[in-house]
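The following exercises concern the packing of a single chain. Each task is followed by a solution in steps.

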Amino acid sequence: MSLLDLVLLLLVLVLSGALFLRRKGEDGETRRLLEAAREEARLALEAARKEARDLLEAARAEARTLKEGAEAKARELEADLRRRLEEESKEARRRLEEAEARLRAEREELRGERERLLALQAELKGERERLKEEREELRREAERLSKRGEALDARALRLDALEEALAKREEALKEKESLLLEREKEVERRLFEVAGLTPEEARRVVLEKLDQELEEEKAQRVRAALERARLEAKREAQKILAQAMQRQASETAAQLAVSVVPLPSDAMKGRIIGREGRNIRTFEALTGVDLIIDDTPEAVLLSSFNPIRREIARMALEELLKDGRIHPSRIEEVVEKAKNEMKTFIYERGEEAALEAGVVGLKPGLIQLLGRLHFRSSYGQNVLKHSVQVAHLTGIMAAELGLDAGLARRAGLLHDIGKSVDREVEGSHVEIGIALARRFGEPPEVIDAIAHHHDPENAETLYAVLVAAADALSAARPGARRESLEEYLQRLEALERIALSFPGVETAFAVQAGREVRVIVKPDKITDAKATLLAREIASRIEREMNYPGQVQVTVVRETRAVDFAR
């Protein structure tokens, strides 16, 4: 029990005693004792209060000391904990960054692996399709060979039977021949007796009659020989063309597939090549063009059969040379910029051509394809300009015939649209053009003109015939395809002069820009049989004495007119 509890207990006892004495009614002694007790209790209370205050102060001081120690300890623990937390946070962040870097690398590797897998799958699919087609072709070929073998067996049996029949017939003919020889000698002897002619005179008469009878047979044989010669000449021409293409391939490629880019100095060649050739490899990979750096001073060559790629490469290389900064990232940036500029340039050329031809309503994709014809040529003639000319000519002819001139110009402008992508897509430019026209929703008349502008006989509409005529006019125009006007006129005069030099020729005309010579003969001097021989002789002389592109058709016209007058 504490001191405070004792003092409180004492006070309770004193107060209880005082109350008890008051109740008994004691006298003043009792009050004195009570006062003394009160005083003693007060003194004890003050002492107890003092002692309690001292104890309280000591307890407070000890509590403050303990609190300060605890706070210092807490601050120390907090600092240590914060330091450890920061170190662990840094370590966690470092590990997280490493994990993210590894994850990114693994993602890139996985993406590349996925792309390679897709490419392999596409290649495998194409190979499967090709093998399937080859198996189908082999199956069909086996069926054809089987049928052909059966047909040959049947034909062999028929030939054996024919040989037996021919052997028998040959024996019969030999017997008849001997009889005819005897009868011929007898007829000749009687003829000499009846005619009163010598053998020489009779032989001369018979030969003259025989010449007249065989004139028609001679012409027929000449026609047959010409037909055989034409077939043999076609096969021989294919061989000659193949050899000529092989011999002229390098020269033609150098003229049509190479662009020259001048350099400010030869030192720039080293910068174009780059360290260990990385710049030139990057440039060729991005453009698809071969960059040839040889001993040509201050110039490099860009080689490609695709004129659009070659033009993009030329623009990009000129920009790099102008800028001076040549490294892989810069090359990639410049090439991409050149491709975008080329798309814009091609679209502008297509719009200009459509506007010049007076054709409206073309879809943007078709205008883009039309602009690609700016980089395509045919025998030296720009295909885009040729298409615009064909559009104008077709529109004029259609207007004269009362047809839709706008539709005719549209058909003429798009007749060679297949040439814009015939180097990227399999098939002839006619087949590709038909597919493109159908994809972009062109009218049936335009599709028919594209399909039959080289075959107007099978056309379904007049627009195809008009486009074919305009195409021939544009291509045959003097000077259109690498031939000067003077050479063109001299060739026409030479054709007419050669035709007029033959006897029996009345007049001659060189038509279709020198591709045909029409010869009018005198019917009283040139027979139908001789007309065939005359055409062959004129063609042979033209082949010997002239140089001309393509072929020249010789047409001999013999006309018999009977004129009389009624009086």
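Contact here means heavy atoms within 4.5 Å. The model is predicted.

**Exercise 1.** Determine which residues Leu413 touches, leaving aside residues up to four places away in sequence, and place Leu413 within its core.

*Solution.*
1. With that exclusion, the partners of Leu413 are Ala353, Ala354, Ala357, Val359, Leu362, Leu370, Ser387, Val388 and Ala391.
2. The largest nonpolar core has 38 residues, and Leu413 is among those touching the most other members, together with Leu362, Leu370, Leu414 and Ile417.
3. Two or more residues of this core come from each of α7 (328–357), α8 (364–372), α9 (383–400), α10 (405–413), α11 (429–439), α12 (444–452) and α13 (462–476).
4. Helix α9 gives the largest share, six residues.
5. A separate, second core holds 25 residues, including Leu263, Ile280, Leu317 and Val334.

**Exercise 2.** Which side chains of strand β8 are buried, and which are not? Identify also the strand that pairs with β8.

*Solution.*
1. Side chains alternate along β8 (residues 553–557).
2. Val554 and Val556 point to one face and are buried; Gln553, Thr555 and Val557 point to the other and are not.
3. β8 pairs with β7 (residues 516–521) in the parallel sense, over five bridges.
4. In this pairing, Val519 stands opposite Val556.

**Exercise 3.** Characterise the chain as a whole.

*Solution.*
1. Its secondary structure comprises 15 helices and eight strands.
2. Of the 567 residues, 27% are buried.
3. The exposed area is about 40300 Å², with 54% supplied by carbon and sulfur atoms.
4. Among contacts between residues at least 6 apart in sequence, 57% join residues at least 24 apart.

Terms used
Residues are numbered from 1 along each chain as its sequence is written. This is a predicted model: local features need pLDDT of at least 70, side-chain atom pairs count only at pLDDT 80 or more; totals for chains, interfaces and linings use all residues. Side-chain values use heavy atoms; hydrogens and water are left out. Buried means under 20% relative accessible area, exposed over 50%, partly exposed in between (1.4 Å probe, protein chains only). Helices (H or I, at least four residues) and strands (E, at least two) are DSSP runs, numbered from the N terminus. Two strands pair if DSSP finds at least two bridges between them. Accessible areas come from the Shrake-Rupley method with a 1.4 Å probe; for residues, only the protein chains shown count as cover. A nonpolar core is a set of buried Ala, Val, Leu, Ile, Met, Phe, Trp, Tyr and Cys residues joined through side-chain atoms within 4.5 Å.
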